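This briefing covers the fold, the nonpolar core, the enclosed space and a few single residues of one protein chain. The sequence and structure come first, and the notes follow by topic.

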Amino acid sequence: RVARGEATERTPTWLFRQAGRHLPEYRQYKEDTGKMFLDLLKDPRDVTEVPRQPARRYDIDAAILFSDILVVAEALGTRVEMPGGVGIQVPEPLLSPADMSKIAMDGVDVRDKLGYVVESVESIVGAIAAEGRGVPLIGFSAAPWTLFYYMV
């Protein structure tokens, strides 16, 4: 509503921690499922659960899409690993201009490569409504330069 110039009861605030990865319930959920971060991102059931955890715990003004900008790099053909405790790893980075041929520049089928994100967004919106949270779902993405930075 603020973006449309409408009055609100409070000033909207977005904090990265609102995404919930700091919460004990997230850590427990991750342990219970036995999944690493990237595995969670690819299952709409997990992606539907995780952003609702902070919405349940805090009086927040929006739920944050549980995803990562590097799912786009993966869709372009770059292998990304996050084994836990060591950060992001790109085992086969782009090392020279010739490596650009590794990137799927044309014909990326978004439904095929990132369909789980679309399915997750639809599921989260429905789940938030079903829980009566009354908050929107927001997300973010990276600019091409940020993605490229990780890919080299």
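The protein has seven helices and two strands in its secondary structure. The model is a predicted one. Read from the N terminus, the order of elements is α-α-α-α-β-α-α-β-α.

**Overall dimensions and surface**

- Along the principal axes, the C-alpha atoms of the protein fill a box of roughly 55 × 40 × 25 Å.
- The chain counts 152 residues, and buried residues make up 35% of them.
- About 9,200 Å² of the protein is exposed, and carbon and sulfur atoms supply 56% of that area.
- Among contacts with a separation of 6 or more, 64% are between residues 24 or more positions apart.

**Nonpolar core**

- In soluble globular proteins, nonpolar side chains tend to be buried together.
- Here the largest nonpolar core holds 28 residues, and Y26, F37, F66 and L70 have the most contacts inside it.
- Four helices each supply at least two residues of this core: α2 (37–41), α5 (70–75), α6 (110–130) and α7 (144–151).
- Of the elements, α6 gives the most to this core, with five residues.
- F37, one of the residues with the most contacts inside the core, touches R21, Y26, K30, F66, S67, D68 and M82 when residues up to four places away in sequence are not counted.
- Two of the partners of F37, Y26 and F66, are also listed with the most contacts inside the core.

**Enclosed space**

- Rolling a probe the size of a water molecule over the atoms shows where empty space is left.
- The count comes to one cavity of 30 Å³ or more.
- The largest cavity has about 30 Å³ of space in it.
- Which residues line the largest cavity? The lining consists of L65, S67, D68, I69, G139 and F140.
- By class, this lining has three nonpolar, two polar and one charged residues.
- S67 and D68 belong to the lining of the largest cavity, and both S67 and D68 are also touched by F37.

**Single residues: buried**

- A127 lies in helix α6, the helix that gives the most residues to the largest nonpolar core.
- Is A127 buried or exposed? A127 counts as buried because its relative accessibility is 14%, under the 20% cut-off.
- Leaving aside neighbours within four places in sequence, A127 is in contact with T48 and R52.
- A127 and A7 are 120 residues apart along the chain, and their C-alpha atoms are separated by 27 Å.

**Single residues: partly exposed**

- A104 is placed in the loop between α5 and α6.
- A104 counts as partly exposed because its relative accessibility is 31%, in between the cut-offs of 20% and 50%.
- From A104 to S141 the distance is 19 Å, C-alpha to C-alpha, with their positions 37 residues apart in sequence.

**Single residues: exposed**

- T11 lies in the segment before α1 (24–33).
- The relative accessible area of T11 is 66%, so T11 is exposed, the cut-off being over 50%.
- The C-alpha atoms of T11 and L40 are separated by 32 Å, and the two residues are 29 residues apart along the chain.
- G34 lies in the loop between α1 and α2.
- Why does G34 count as exposed? G34 is exposed because its relative accessible area is 62%, over the same 50% cut-off.
- G34 and S123 are 22 Å apart in space, C-alpha to C-alpha, and 89 residues apart in sequence.

Terms used. Residues are numbered from 1 along each chain as its sequence is written. This is a predicted model: local features need pLDDT of at least 70, side-chain atom pairs count only at pLDDT 80 or more; totals for chains, interfaces and linings use all residues. Side-chain values use heavy atoms; hydrogens and water are left out. On a 1 Å grid over the protein atoms alone, a cavity is a set of points where a 1.4 Å probe fits but cannot get out, and a pocket is an open set with protein on both sides within 12 Å along at least five of seven lines; lining residues have an atom within 4 Å of a point. Grid points are joined across faces, edges and corners, and a volume is the space filled by probe spheres set on the points. Ala, Val, Leu, Ile, Met, Phe, Trp, Tyr, Cys and Pro count as nonpolar, Asp, Glu, Lys and Arg as charged, and the others, Gly among them, as polar. Buried means under 20% relative accessible area, exposed over 50%, partly exposed in between (1.4 Å probe, protein chains only). Contact means heavy atoms within 4.5 Å. Accessible areas come from the Shrake-Rupley method with a 1.4 Å probe; for residues, only the protein chains shown count as cover. A nonpolar core is a set of buried Ala, Val, Leu, Ile, Met, Phe, Trp, Tyr and Cys residues joined through side-chain atoms within 4.5 Å.
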